[in-house]
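Take a moment to look over the chain before reading on. Follow it from one end to the other, and then come back to the text.

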Amino acid sequence: MKNSTLLFRSLATIIFIAGTAHLAGYTFQKNDIDYNYQESTDSNKENLLTKDEKSKSKNNPETDYIVGKWKVNYNTEDFNGAVFYTIKKEGGNFNAYSYQYQDKNGNSEKAEGLKTLIIKSFDGYQGKGVYTIEYEQQQYQVDCQIDMVDENTFKLSYDYYGYSDVETWKRK
């Protein structure tokens, strides 16, 4: 019994020493990474980006054609007219902001510039994102699907707890 007690105590000591060494090594490595990042200049920051981040931030003609001004017509009880959006590329996402409302008679009014759509992934044909809808003066963030019809038209569809819709966005 004394031999087994000695064996378990020896193993516990070895595990404790090895664990402490790994923890110390990890701590020093983490501090080195933070230290190097803080010392980097703006020109070096691009070198620190991962390959995925670089590809997302660069211009891509296969997907960037979605950037621009778009018009969506609505015919509901609450609103009969059009909303104009501008889609911008910001980082790896495409974001749509409302900039103008127009009623069915052609009268227009400046919009608040709210971020309405965040396209998180887009391959030039299809995309996925988050769309902000308003229902009974409440705003909801819903997952949506983007399907390009042609370079000047895409369909945005969503389904939120049984309330679904398909909007047609046309380039202005």
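The paragraphs below go from the overall layout to a pocket, a salt bridge and a few single residues.

Keep in mind that this is a predicted model. Start with the layout. The protein has 3 helices and 9 strands. What order do the elements run in from the N terminus? They run α-α-α-β-β-β-β-β-β-β-β-β. So trace the chain with that order in mind: helices, then strands.

Next, look at the protein as a whole. It has 172 residues, and 25% of them count as buried. The accessible surface comes to about 12900 Å². Carbon and sulfur atoms hold 51% of that surface. Contacts tell another part of the story. Take the contacts between residues at least 6 apart in sequence. Of these, 31% join residues at least 24 apart.

Now turn to the pocket. The largest pocket has a volume of about 940 Å³. It is lined by 30 residues. Which of them are closest to its centre? They are Tyr74, Phe79, Ile133, Glu134 and Tyr135. Several strands give two or more residues to this lining, among them β1 (68-75), β2 (80-90) and β3 (93-103). Further along the chain, β5 (115-122), β6 (126-135), β7 (138-150) and β9 (163-171) do so too. Strand β6 gives the largest share, with 5 residues. The lining is mixed in character: 12 residues are nonpolar, 10 are polar and 8 are charged.

The salt bridge comes next. The count for this model is 1. Asp64 pairs with Lys89, and their closest N and O atoms are 3.2 Å apart. This pair links distant parts of the chain. Asp64 sits in the loop between α3 (51-57) and β1, while Lys89 lies in strand β2. The two are 25 residues apart. Are these partners buried or exposed? Asp64 has a relative accessible area of 17%, so Asp64 is buried. Lys89 has a relative accessible area of 25%, so Lys89 is partly exposed. The cut-off for buried is under 20%, which is why the two fall into separate classes.

Now pick out Tyr158. This residue is in strand β8. Its relative accessible area is 7%, and therefore Tyr158 is buried. What does Tyr158 touch, leaving out residues up to four places away in sequence? Its contacts are Tyr131, Ile133, Val142, Asp143, Cys144, Tyr163, Ser164, Asp165 and Glu167. One of these, Ile133, is also among the residues closest to the centre of the largest pocket. Compare Tyr158 with Ile146 as well. They are 12 residues apart in sequence, and their C-alpha atoms are 9.1 Å apart in space.

Finish with two residues that have a positive phi. Gln137 is not a glycine, yet its phi is about 60°. Find Gln137 in the loop between β6 and β7. Its relative accessible area is 74%, so Gln137 is exposed. Tyr161 is not a glycine either, and its phi is positive, at about 50°. Look for Tyr161 in the loop between β8 (153-160) and β9. With 78% relative accessibility, Tyr161 counts as exposed.

Methods. Residues numbered from 1 in each chain as written. Predicted model: local features only at pLDDT ≥ 70, side-chain atom pairs only at ≥ 80, totals over all residues. Heavy atoms only, no water. 1 Å grid on protein atoms, 1.4 Å probe; cavity = no way out; pocket = protein on both sides within 12 Å on 5 of 7 lines; lining within 4 Å. Points joined across faces, edges and corners; volume = space filled by probe spheres on them. Helix = DSSP H or I, 4+ residues; strand = E, 2+ residues; numbered from the N terminus. Nonpolar A, V, L, I, M, F, W, Y, C, P; charged D, E, K, R; others polar. Buried < 20%, exposed > 50% of the residue type's maximum accessible area, 1.4 Å probe, protein only. Contact = heavy atoms within 4.5 Å. Areas by Shrake-Rupley, 256 points an atom, 1.4 Å probe, with all protein chains shown as cover. Salt bridge = Lys/Arg side-chain N within 4 Å of Asp/Glu carboxyl O.
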